[in-house]
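Reader: Hi! I'm new to this one and would love a quick tour. Could you show me the structure before we chat?

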Amino acid sequence: MSFCALNTTPVSAQGGDQILDGIGETGLIARYIFKGDANDWSRNNLHGTIKGADFKFEVDSLFGNVLSLTGGSEVFITVPGEAVTGEESLSISGWIYLRASKSGQMFFDFGKDSQSHFFAAPAGTREKEGYQAQIITKSGKYVAGSPALAINKWNHLAVVINVPSKTLSTYLNGVLVSEVKDTAVELEQLFDNASAENNKLYIGKSLASDNAFLNAKLYDFRIYRIPLTERQITRIYNIALRKEEPTVRRRVEPDRNLPVFPVTTPQLYNQFLTDVPDIQVETAVGELPRLPRNVKGVYSNNPKGPDVRVIWPAPVDNSQVLTPGTYTITGKVSGSAIQPKAIVTVSEAHVHTTPDRTLEAFNLDQVILNADPHNHDTKFIENRDKFMTGLANSNPDNFLYMFRDAFGQVQPEGAKPLGGWDSQQTKLRGHATGHYLTAIAQAYASSGYDASLQANFAAKMDYMVNTLYALSKMSGQPKTAGGEHVSDPNAVPPGPGKAGFDSDLNVGSIRTDYWNWGTGFISAYPPDQFIMLEKGATYGGSNAQIWAPYYTLHKILAGLMDIYEISGNEKALEIVKGMGSWVHARLSQVPKETLISMWNRYIAGEYGGMNDALARLYRLTSEPRYLEVAKLFDNTRVFYGDAEHSHGLAKNVDMFRSLHANMHIPQVIGALEIYRDSDAPEYYQIADNFWNMITNDYMYSIGGVAGARNPNNAECFTAQPATLYENGFAAGGQNETCATYNMLKLTSGLFLFDQRAEYMDYYERGLYNHILASVAEETPANTYHVSLRPGSVKQFGNANMSGFTCCNGTALESSTKLQNSIYFKSTDNSALYVNLYVPSTLNWTDRNVTVTQTTAYPKEDQTVLTINGKGRFDINVRVPHWATNGFFVKINGKVQKVEAVPGSYLTISRKWKNGDRLELRMPFKFYLEPVMDQQNIASLFYGPVLLAAQESEPRTEWRKVTLNADDISKSISGDADQLQFTIDGVEFKPFYETYGRHSVYLDVTLK
Ligand SMILES: [Zn+2]
């Protein structure tokens, strides 16, 4: 199983490891081992280049093969400038065997030029003796100095720029040797974040022209985006010398790099808590009870205090509920000694009734986003248009480049390979193309307001499909009539001249013998990665390792089906059927235990939503083998606990703690799709239980769910549920943006089955406060992780759509379908659901009704729905969970008597007439959303909007605010129409309008 931190096999020296020396790969930017080349062994493929000729790789008694620079002539290594763009902090670590004591030799020198740079000189500079690191900017110079290195021996150097802590530290052989405090430096002073090519990153050479070249051996040079701690650096040093066991056990202490509070710290309203009455819960044999996370409390000062967040024990199996009876569970409340009790009654097992899918989303072209009543573009329109423009200007040939490369085809003129995770050697290449297919389909459907844009996207769809169709038809077919070929997917041989399968994608050594690949095969690489996964290959950078072949394939198949469903292009569906059959042919031959092992292999077995895509293919084609193969993707351990289906998510057991978040969320979306197409209730239970656990026990206030310090991987769920403060807030970031995209998809999917308002409350939270907040101010650049630590700043990437991470790819999808969940309808067209309050026009063509929603929400707390057309139908409007100051309804100006419960849908049944106006008003209020296990740390909301404190500089401590205990709004002043507020002189504005430093979580004292 892919515990992000449980790695019981020794860490391979050959890269791609998720936890290298105890540090999650999300913290690692690049790693140059120098065993025979200057390639980057991290997943980012930021390969270095060795300049000059006076170097060699030589065998070293300590480290095996290392790089040797002789210092005699102009020889050094360059690293791509993008390695350092947009980072908050940096750590450099590496081994050096210095052979000369001459001053001016550089271990590394990174910067824009000799006026703005950062370097480490192991033997001193012209001006100053000794091993030193320096930061030089136009406004200052900082020198961390210590005695020079001993020559003719291996030394481990590490240099850390910790921007929030304002320190520059140097380490020698795992020990801190020098530290400068109060460095007033931000990395944007050293590097050009907009144009990576302006950053010069040299190993072994100075940015100034007059210094000496390095005379040394080099080994394992690493660049980290996190400020490494002394403990981490010591560990890197010890492990390399085999003084410490490289295995990382599961229960490592999380790094103590967040403020720690004494137990006596008052935690918001919990300080006034006097009692939490026992609760009664029922469950059936085999199923863990679903315990309410928030229960009624009794307060000393405030009888209307909020519900109390209780942290219940979270067993890893269902042994407590195997027989009927009663038992008691004791929970805890953070910041209080009270121990709430739940008395659980276990009854005989019963058959679940699971809901039918009674709602439908509208097609994207049926909903158009509008400007607000003041004719201002909303953030929805702004973000949509950034992506529409970028996509319209994109060159489809760039997105087809690696497909043509895989099939050995000539590139058309002007075609340029994408960078990022689609570059030549990246084993995930093709993933951005999948997102692109979805994006242009959605952009086509969403751009009905502009005929030329729509024509642009129509042409792109046709071109992409025609090209991919032609390639897919070549697979398994003879190159020339009567030639040799292998049409059976199970008979694919190794590449010509190769002894076995490999993932080599280099120019000149990539196999391109498509005639041997089996009928229907399509990908941006040869079939080897799929076959190697079956044979046990793990995730990593070597040619014997793979990335995530099925993850990439899911994006491609989903994109093609999106084009088919939106434009009716039958060739797009043909490609999917061909590849679906290829996958069926192979996986139906794979033993069950091999499948379990495959899907539990960290990242290698990450399959995105292959189960979702194949179940959907079954729905589109009615061919049963596609549903069959969809089920072969069941993640047995997470879904069912074990091969015997003892428990798992189907029985409400949390089996995904500490796992990679975005690896697993799409699998659950797939479970829901299989339920839709098969009615097997366990698949619904899996999705329903998962959603409940995720949003209650792992969610940050913006709606993101990933970001663990323990395990040390910013993309993982915390090691235990409901421990966000103890184990979350990873230094490398939190809230992987594509994970939230997938959470929204799962959430709206569940709502179509079960109209619980909490689903769309979550949707609103994630949409406004993460997805809308994830795009740069002027360009479609977008976030990967969104850090919510004190004084963080969002890092946006891929402004010109030329190099995609997973999140950059997913953003193409998010921002071309922002309107897709504003309205739903019942499948029988008897009811409309108004989920979100966004200015827009709905064309409900089945009823010949148009609904125009006019509002500046959330810059006002009301909206007007104008009905054009007529007929009897229900309008169900969402009464948000936070709307506790009332929810007021008028029809044609007349006040309606309604009973609107916050966190529910209000049904308005009526025979609607042409021109009817339905007015809704829901006064916003301020409220706090605390971290469950450290409740003085909380986010401030106003209605649906998360308000972020605007910070002027980096910080390590949480921003402290004092709020009135009876009514926090008494401590807040400002302009609700502009959503701009002030607390104690500090400015707050919506997180989605925040582009500078911010504090989303505050340290709140109630007085
Ligand atoms: Zn991502």
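**Two helices and a metal site**

Author: Happy to! In this predicted model, helix 7 brings Tyr550, Leu553, Leu557, Leu560, Met561, Ile563 and Tyr564 into contact with Glu570, Ala572, Leu573, Ile575, Val576, Met579, Val583 and Leu587 of helix 8.

Reader: Nice. How many residues of that contact between helix 7 and helix 8 are nonpolar, polar or charged?

Author: There are 14 nonpolar residues and one charged residue, with no polar ones.

Reader: And at what angle do helix 7 and helix 8 pack?

Author: The angle is about 150 degrees, and the axes are 8 Å apart. Helix 7 covers residues 549–567, while helix 8 covers residues 570–587. Their crossing is left-handed.

Reader: Cool, let's switch to the metal. Which residues coordinate the zinc ion?

Author: Glu736 does so through OE, and Cys738, Cys806 and Cys807 each through SG, at 2.2 to 2.3 Å. Along the chain, the spacing of these donors reads E-x1-C-x67-C-C.

Reader: Where do Cys738 and Cys806 lie?

Author: Cys738 is in helix 16 (residues 737–753) and Cys806 is in helix 18 (residues 806–814), so this pair ties together parts 68 residues apart in sequence.

Reader: Is Cys738 buried or exposed? And what about Cys806, buried or exposed?

Author: Cys738 is buried, at a relative accessible area of 1%. Cys806 counts as buried too, with 5% relative accessibility.

Reader: Last one: why is the arrangement around the zinc ion called tetrahedral?

Author: Because the four donor atoms subtend angles of 86 to 126 degrees, and four donors count as tetrahedral if all angles lie between 85 and 135 degrees.

Definitions and conventions: Residues are numbered from 1 along each chain as its sequence is written. This is a predicted model: local features need pLDDT of at least 70, side-chain atom pairs count only at pLDDT 80 or more; totals for chains, interfaces and linings use all residues. Side-chain values use heavy atoms; hydrogens and water are left out. Donors are N, O and S atoms within 2.8 Å of the metal (3.2 Å for Na, K and Ca); water is not among the atoms, so sites may look incomplete. Four donors count as tetrahedral if all angles lie between 85 and 135 degrees; four count as square planar and six as octahedral if opposite donors are over 155 degrees apart and all others between 65 and 115; anything else is irregular. Helices (H or I, at least four residues) and strands (E, at least two) are DSSP runs, numbered from the N terminus. Buried means under 20% relative accessible area, exposed over 50%, partly exposed in between (1.4 Å probe, protein chains only). Axes are lines fitted to C-alpha atoms, for helices over the stretch in contact, and angles run from 0 to 180 degrees between N-to-C directions. A crossing is left-handed if the near helix is turned anticlockwise from the far one by less than a right angle, and right-handed if clockwise. Contact means heavy atoms within 4.5 Å. Ala, Val, Leu, Ile, Met, Phe, Trp, Tyr, Cys and Pro count as nonpolar, Asp, Glu, Lys and Arg as charged, and the others, Gly among them, as polar.
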